[in-house]
Amino acid sequence: MSTTAEPPVPNKPPLESQTTVGNYFVSNYPPFSFWKKEDVHEISTAMDRAPKNDTPLGVYCHIPFCRKRCHFCYFRVYTDKDSSAIKSYLDAMLSELEIYSKKPFIGGRKPSFVYFGGGTPSYLSSSQLHHLTEGMKSLLPWDEIKEVTFECEPGTLTEQKLRTIHEIGVTRLSLGVENFDDHILEINGRAHRGGEIDRAYGFAKEIGFEQINIDLIAGMLEETEANWQACVSKAIEMGPDSITIYQMEVPYNTTIYKRMKQEGKLAAPVADWETKRRWTDYAYNELEKNGYTVTSAYTAVKDSSRVTFEYRDQLWAGADLLSVGVASFGHIGGTHYQNHHDFDPYIEQLNEGSLPIYRALTPSDDERLIREFILQLKLGSVSLKYFTEKFGTNPAERFAEPLQRISDWGFLQIEGDSVNINREGLLQVDRLLHEFFLPEHRNARYA
Ligand code: SF4
């Protein structure tokens with residue numbers, strides 16, 4: 001029997017519908033499951049080398065404490081540490097930074113960005129914050145800093161604490177709002193409520209931070225179309241400098257997944273991927289109507305000439321990231337590393353005077369090219385010339401096959417020097433990035 005239907009584009013990825021368990025977000029390459037304990041010596045070698053030419057240096061500081069564990073959270077967080085345990089942790093991080101500060105890879109460099117992530121950095125008290133940041137600055141001065149980002153949970157922010165956060169030099173305050181509706185916040189296990197968001201945001205505006213970002217999640221438990229639209233309107237009404245939107249994923253280790261397992265369910269009880277993409281698209285369209293510009297798969301900014309993301313842009317272009325704290329991920333002189341993910345062993349190892357590194361991996365030149373290329377694709381556009389000059393390989397040739405495939409699917413175009421991903425592609429960019437992975441890294445569990 002003959003047919004006039006067009007043949008299907010080969011290998012088109014199945015359009016996922018339900019949200020099943022697993023990590024969707026691609027934050028690094030090669031996948032973490034390939035970083036090995038046996039390769040930890042490689043990071044010691046990397047630290048003993050002088051830095052290459054003008055590689056910028058950033059510092060990531062991990063604060064693993066939270067008031068409550070959110071049901072969608074897969075990070076190692078602690079909700080039961082008292083002030084003396086926190087003090088020991090901060091001192092351990094300062095000892096860790098001190099060890100790094102004396103290594104040849106620093107080569108006289110000063111950090112150009114600092115990022116406080118978590119967990120909840122704003123869980124720390126004002127005196128703990130002064131203690132930590134004064135110690136950090138005495139080891140690696142902040143006088144060449146372009147950006148200091150600080151993640152906050154709105155319910156931990158008093159006016160006085162926000163003043164401290166401003167005084168210590170934070171330039172971007174990032175509020176983990178996620179949703180404005182009290183019921184949705186509660187059902188998802190968030191510690192804060194809508195009133196706390198308004199209060200914290202009001203104080204932050206009054207104090208005058210250089211940039212305020214708010215994070216939203218599309219597709220939380222019990223999220224509806226009407227709720228999402230109300231969240232987008234409220235965010236626009238607040239008018240922060242940038243808005244970051246994540247689509248809800250349900251990794252292993254989350255409370256949501258544990259419940260699914262008990263109930264024998266394969267699909268998570270959250271919106272399907274198509275709905276989450278549609279909601280994110282709705283948000284970007286509304287934000288654009290209100291003067292925002294979409295500058296990456298996850299971010300819209302109010303004034304793109306003023307609002308930059310140093311940590312993101314530098315990291316995605318191969319900066320060194322000196323990372324301290326339990327379970328934190330770093331990158332020094334071409335080698336990836338991750339710290340121990342248990343609190344007591346992390347502190348004990350530093351008390352004994354050694355670095356608490358648990359696994360490492362040195363990507364090959366080709367893997368470094370893949371890493372930078374896929375991370376920069378999240379911006380929506382990459383320059384072929386940049387990669388050809390930096391790696392001596394033209395991505396249009398190296399990635400001819402996946403580029404053609406994604407272009408056939410209708411998500412990408414090469415125009416002159418630029419590889420451009422359209423909005424539809426950007427909304428699902430993380431799953432497209434797997435097309436650039438080496439065969440041995442495909443289908444790897446991303447943890
Ligand atoms: S506030 Fe963030 S780090 Fe803390 S439990 Fe919730 S999602 Fe996890």
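How many bridges join E1 to strand E2 (residues 113-118), and in which sense, parallel or antiparallel, do the two strands run? In this predicted model, E1 and E2 are joined by 6 bridges and run parallel, with Cys61 standing opposite Phe116 in E2. A second partner of E1 is strand E9 (residues 320-324), which pairs with E1 in the parallel sense over 5 bridges, and here Val59 stands opposite Leu322. Together with helix H2 (residues 83-101), the strands E1 and E2 also make a right-handed β-α-β unit.

The surroundings of E1 (residues 57-63) were examined next. Because 7 of the 7 residues of this strand are buried, E1 is largely enclosed by the rest of the structure. The burial applies to both faces, since Leu57, Val59, Cys61 and Ile63 point one way from E1, Gly58, Tyr60 and His62 point the other way, and all are buried.

Two cis peptide bonds were found in the backbone, as follows. One of them joins Gly118 and Gly119, with omega about 15 degrees, and Gly119 lies in the loop between E2 and helix H3 (126-139). Another joins Tyr29 and Pro30, with omega about -10 degrees, where Pro30 is found in the segment before helix H1 (40-47).

Gly118 and Gly119 appear again around the ligand, whose surrounding residues are Cys66, Arg69, Cys70, Cys73, Phe75, Val77, Gly118, Gly119, Thr120, Glu153 and Gly176. Sorted by class, this shell holds 5 nonpolar, 4 polar and 2 charged residues.

Positive phi values in residues other than glycine include those of Glu178, near 65 degrees, and Asn253, near 80 degrees. Glu178 has its place in strand E4 (residues 172-178), whereas Asn253 lies in the loop between strand E6 (242-247) and helix H8 (255-262). Glu178 has 25 other C-beta atoms within 10 Å and is therefore buried, the cut-off for a buried residue being 20 or more. Asn253, with 15 other C-beta atoms within 10 Å, is partly exposed, because this count falls between the limit for buried residues and that for exposed residues, which is 12 or fewer.

At the level of the whole chain, the domain assignment gives domain 1 (32-314) and domain 2 (364-447), and the centres of domain 1 and domain 2, taken over C-alpha atoms, are separated by 26 Å. The contact takes 10 residues from domain 1 and 13 residues from domain 2. On the side of domain 1 that touches domain 2, the residues divide into 4 nonpolar, 4 polar and 2 charged.

Conventions: Residues are numbered from 1 along each chain as its sequence is written. This is a predicted model: local features need pLDDT of at least 70, side-chain atom pairs count only at pLDDT 80 or more; totals for chains, interfaces and linings use all residues. A residue is near a molecule or strand if its C-beta atom, placed from the backbone, lies within 6 Å of it. Ala, Val, Leu, Ile, Met, Phe, Trp, Tyr, Cys and Pro count as nonpolar, Asp, Glu, Lys and Arg as charged, and the others, Gly among them, as polar. Domain bounds come from an automatic or database domain assignment. Two residues are in contact if their C-beta atoms, placed from the backbone, lie within 7 Å. Helices (H or I, at least four residues) and strands (E, at least two) are DSSP runs, numbered from the N terminus. Two strands pair if DSSP finds at least two bridges between them. A crossover is right-handed if, with the strands pointing away from the viewer, the path from the first strand over the helix to the second runs clockwise.
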